[in-house]
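Open the model in your viewer and keep the selection panel at hand. The tour goes stop by stop.

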Amino acid sequence: MSKQNKPQANGGTIALNKRAKHEYFVEQRFEAGIALAGWEVKSLRAGKAQLVDSYVLLKNGEAYLFGAHFTPLQTASTHVIADPIRTRKLLLNSRELDKIIAGVEQKGYSCVPMALYWKKHLVKCEIALVKGKKDYDKRETEKNRDWDREKQRLVRENNR
């Protein structure tokens with residue numbers, strides 16, 4: 001018999017960092033694995049993760065996810081002390097790490113996590129090199145988004 005693939009309801013996405021899209025211009029994206037404990041994987045399967053105030057810390061030639069909050073489940077093992085905001089190591093190859101380190105050393109660039117998602121049975125973290133937006137950039141982005149929404153509304157009404 002063949003296996004039937006069950007499509008996931010949310011397309012495999014566990015958590016998004018919508019605030020990062022609002023606060024930064026995304027320059028370059030990377031896909032990284034994460035070193036996780038067993039209770040963290042169970043928590044991610046339940047969708048209990050937040051990336052709101054998290055960032056990527058580069059130290060000793062390695063990348064770490066700092067400030068991500070994985071809420072422990074009540075059914076987690078009793079002998080494990082669950083720290084929901086512990087620092088987690090990001091798994092990248094050396095070429096990607098070199099690109100990220102070189103980008104962060106430039107003025108105005110930083111590295112933030114954009115999303116957590118499933119890739120087959122593995123948890124991946126999308127991280128990005130970003131540059132901060134000024135207030136007028138944020139207003140411009142919002143104005144363009146509103147105008148695109150208005151255009152779609154007008155086209156929809158004219159086609160009726």
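Here, buried means under 20% relative accessible area, exposed means over 50%, and partly exposed lies in between. Keep in mind that this is a predicted model.

**Stop 1: Arg 19 and Asp 53**

Select Arg 19. Its relative accessible area is 46%, so Arg 19 is partly exposed. Now add Asp 53. At 57% relative accessibility, Asp 53 counts as exposed. The two form a salt bridge, with the closest N and O atoms 2.8 Å apart. This pair links distant parts of the chain: Arg 19 belongs to helix H1 (residues 18–23), Asp 53 to the loop between S3 and strand S4 (55–59), and they are 34 residues apart. In total, the structure holds eleven salt bridges.

**Stop 2: helix H2**

Select residues 38–45, which make up helix H2. Which residues of H2 are buried? They are Trp 39, Glu 40, Ser 43 and Leu 44. Their arc around the axis is only 140°, which puts them on the same side of H2. The helix geometry fits this picture: with 3.6 residues a turn in an α-helix, residues three or four places apart point the same way. Rotate to the other side of H2, where Gly 38, Lys 42 and Arg 45 are exposed.

Next, show what covers the buried residues. The cover includes strands S1 (13–16), S3 (49–50), S6 (69–70), S7 (88–91), S8 (109–119) and S9 (122–132). Then step past the helix. H2 is followed by Gly 47, which has a positive phi, near 80°.

**Stop 3: Glu 40 and Arg 88**

Stay with Glu 40 and add Arg 88. They form a salt bridge, and the closest N and O atoms are 2.8 Å apart. Arg 88 is in strand S7 and Glu 40 in helix H2, so the pair ties together parts 48 residues apart in sequence. Are these two residues buried or exposed? Both Arg 88 and Glu 40 are buried. Add Arg 86 to the selection: Glu 40, Arg 86 and Arg 88 are linked in a network of salt bridges.

**Stop 4: strands S8 and S9**

Select S8. Eight of its eleven residues are buried, so S8 is largely enclosed by the rest of the structure. On one pairing, S1 and S8 run antiparallel, joined by three bridges. Look for Ala 15, which stands opposite Leu 116 in S8. S8 and S9 also run antiparallel, with ten bridges joining them. Tyr 109 has Lys 131 in S9 as its bridge partner. Follow the hairpin that S8 and S9 form: two residues lie between the strands, and Lys 120 in the turn has a positive phi of about 60°.

**Stop 5: the surface patch**

Select Tyr 55, Leu 57 and Phe 66. Together they make a nonpolar surface patch of about 230 Å². Phe 66 sits in strand S5 (residues 62–66). With 32% relative accessibility, Phe 66 counts as partly exposed.

**Stop 6: Ile 85**

Go to the loop between S6 and S7 and pick Ile 85. Its relative accessible area is 48%, which makes Ile 85 partly exposed. Beyond its neighbours within four places in sequence, what does Ile 85 contact? Ala 68 and His 69. Try a distance to Asn 60: 21 Å, C-alpha to C-alpha, for residues 25 apart in sequence.

**Stop 7: helix H4**

Finish with Asp 148 and Lys 151. Their salt bridge has its closest N and O atoms 3.6 Å apart. The two are three residues apart in helix H4 (residues 135–158), so about one helical turn separates them. Asp 148 is partly exposed at 39% relative accessible area, and Lys 151 is partly exposed at 38%.

Technical notes: Residues are numbered from 1 along each chain as its sequence is written. This is a predicted model: local features need pLDDT of at least 70, side-chain atom pairs count only at pLDDT 80 or more; totals for chains, interfaces and linings use all residues. Side-chain values use heavy atoms; hydrogens and water are left out. Buried means under 20% relative accessible area, exposed over 50%, partly exposed in between (1.4 Å probe, protein chains only). Helices (H or I, at least four residues) and strands (E, at least two) are DSSP runs, numbered from the N terminus. The arc is that of the directions from the helix axis to the C-beta atoms. Contact means heavy atoms within 4.5 Å. Patches are made of residues with over 30% relative accessible area and no salt bridge: like charges are joined within 9 Å, nonpolar side chains (Val, Leu, Ile, Met, Phe, Trp, Tyr) within 5 Å. Accessible areas come from the Shrake-Rupley method with a 1.4 Å probe; for residues, only the protein chains shown count as cover. A salt bridge is a side-chain nitrogen of Lys or Arg within 4 Å of a carboxyl oxygen of Asp or Glu. Two strands pair if DSSP finds at least two bridges between them.
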